Amino acid sequence: MASRTAPVRLDPVTGKKIPPPVSPKPLRMTATRLSKSSVANPPPAPLKPSGGLKSAEEELDALTDLLVKNLENSSDPDFFGICSKCGHKVSGEGDGCNAMDKLFHIKCFTCDKCGCQLTGKVFYKVDDQVLCEKDYMATLEKCWDCNKYIIDRILRATGKCFHPDCFKCEVCYRKLDGVQFTVDNFNKVHCIEDYYRKYSPRCASCNQLIIPDEGQDETVRIVSMNKDFHVKCYICEDCNAPLSSEKGGSGCYPLDGHLLCQDCNAKRVQILTAELDSTPQRPLTTEL
């Protein structure tokens, strides 16, 4: 059985593929103060690979040093562990805090940008930086429509950033998250339906909009006698034969504003000629 794949949406302005909205928001965390109810001597967190900044030997030496410090102070009832930032011991409940599964002095666990202490406050880890909520918010992009920070999901389209709920058709205000859209000559964003209603011509035969079929991006419009037609509507008015070459037609031979094939045109011409020949001529008169 053939599988159906979702159509790829391209930005009409940039020509690039439009990805689904992504979340810019990292995990929201808080640092908690130490207490006697917590584990008195928590095992040191395993050192993670440092992305090539340290060799395996250096990481092993650092881990060994941390284990030695923990063992040396294991008999101290006020010892909680080694600070992950300064490498000195944390003694007493009011001296340290737990954050990101690590132990810190309260004075050591600070925002990497403004330096404020983060114990008991909301913080975020962004690109290996620990930021307070205020400094984290300053890193966010603003929505082009409402000018507010985009916290949850960010949608990029027409070279701009939006909340998914703010990216709408500028005519019917339909949300365009996941919906096909286009941009007119005035850089206004439209859903495809409203764009067609506003700019597509109507067929002179059926009076319906000439728009692409579902799932298609283009359609064919036939212009004849300064009028627009669907290909399927471009037929002889007498015999319904198709006139478009795309439908196997031999062309249009209009007569008195009517769409006709060559044969029907000839028949009408013969009838009109016969009617003219049978009409008696009026005698010439002279007014006195």
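Mentor: A helix here is a DSSP run of H or I with at least four residues, and a strand is a run of E with at least two, both numbered from the N terminus. The model is predicted: local features need pLDDT of at least 70, side-chain atom pairs count only at pLDDT 80 or more, and totals for chains, interfaces and linings use all residues. Residues are numbered from 1 along each chain as its sequence is written, and side-chain values use heavy atoms, without hydrogens and water.

Trainee: What share of the residues of the protein chain count as buried?

Mentor: The secondary structure comes to four helices and 14 strands. The protein chain has 288 residues. Buried means under 20% relative accessible area, exposed over 50%, and partly exposed in between (1.4 Å probe, protein chains only). The buried share is 32%.

Trainee: Which residues of helix H3 are buried?

Mentor: Helix H3 spans residues 192-199. Its buried residues are covered by elements including S11 and S12, by contact (heavy atoms within 4.5 Å). They are Ile192, Asp194 and Tyr196.

Trainee: Which side chain meets aspartate 194 in a salt bridge?

Mentor: A salt bridge puts a side-chain nitrogen of Lys or Arg within 4 Å of a carboxyl oxygen of Asp or Glu. Aspartate 194 is buried, at 8% relative accessible area. Its partner is exposed, at 52%, and sits three residues away in helix H3, about one helical turn. At 2.5 Å, N to O, the partner is arginine 197.

Trainee: How many residues apart in sequence are the parts tied together by arginine 174 and glutamate 193?

Mentor: These two form a salt bridge, with their closest N and O atoms 3.1 Å apart. Arginine 174 lies in the loop between strand S10 (160-162) and S11, and glutamate 193 in helix H3, so the pair links separate parts. Arginine 174 is partly exposed at 36%, and glutamate 193 is partly exposed at 38%. The separation in sequence is 19 residues.

Trainee: How far apart are the closest N and O atoms of arginine 221 and aspartate 228?

Mentor: Arginine 221 is partly exposed, at 48% relative accessibility. Aspartate 228 is buried, at 19%. Their salt bridge has a closest N and O distance of 2.8 Å.

Trainee: What is the nearest side chain of opposite charge to aspartate 184?

Mentor: Aspartate 184 is in the loop between strand S11 (181-183) and strand S12 (189-191). It is buried yet has no salt bridge. For charge, Lys and Arg count as positive, Asp and Glu as negative, while His and the chain ends are not counted. At 4.7 Å, the nearest one is lysine 198.

Trainee: Which side chains make a polar contact with the side chain of aspartate 184?

Mentor: A polar contact is a pair of N or O atoms within 3.5 Å; within protein, one must be able to donate a hydrogen and the other to accept it, and residues adjacent in sequence count only if both atoms are side-chain atoms. One such contact of aspartate 184 spans 2.7 Å, another 3.2 Å. The partners are histidine 190 and tyrosine 199.

Trainee: Which strands stand at the edges of the open sheet with the order S1-S7-S8?

Mentor: This sheet has three strands in antiparallel pairing, where two strands pair if DSSP finds at least two bridges between them. Each edge strand has a single partner, so one side of each is left without a neighbour in the sheet. The edges are strand S1 (28-30) and strand S8 (129-132).

Trainee: Which residue stands opposite cysteine 97 in S6?

Mentor: Look at the open sheet with the order S2-S5-S6. Strand S5 (residues 96-99) and S6 pair in the antiparallel sense over four bridges. Opposite cysteine 97 stands phenylalanine 104.
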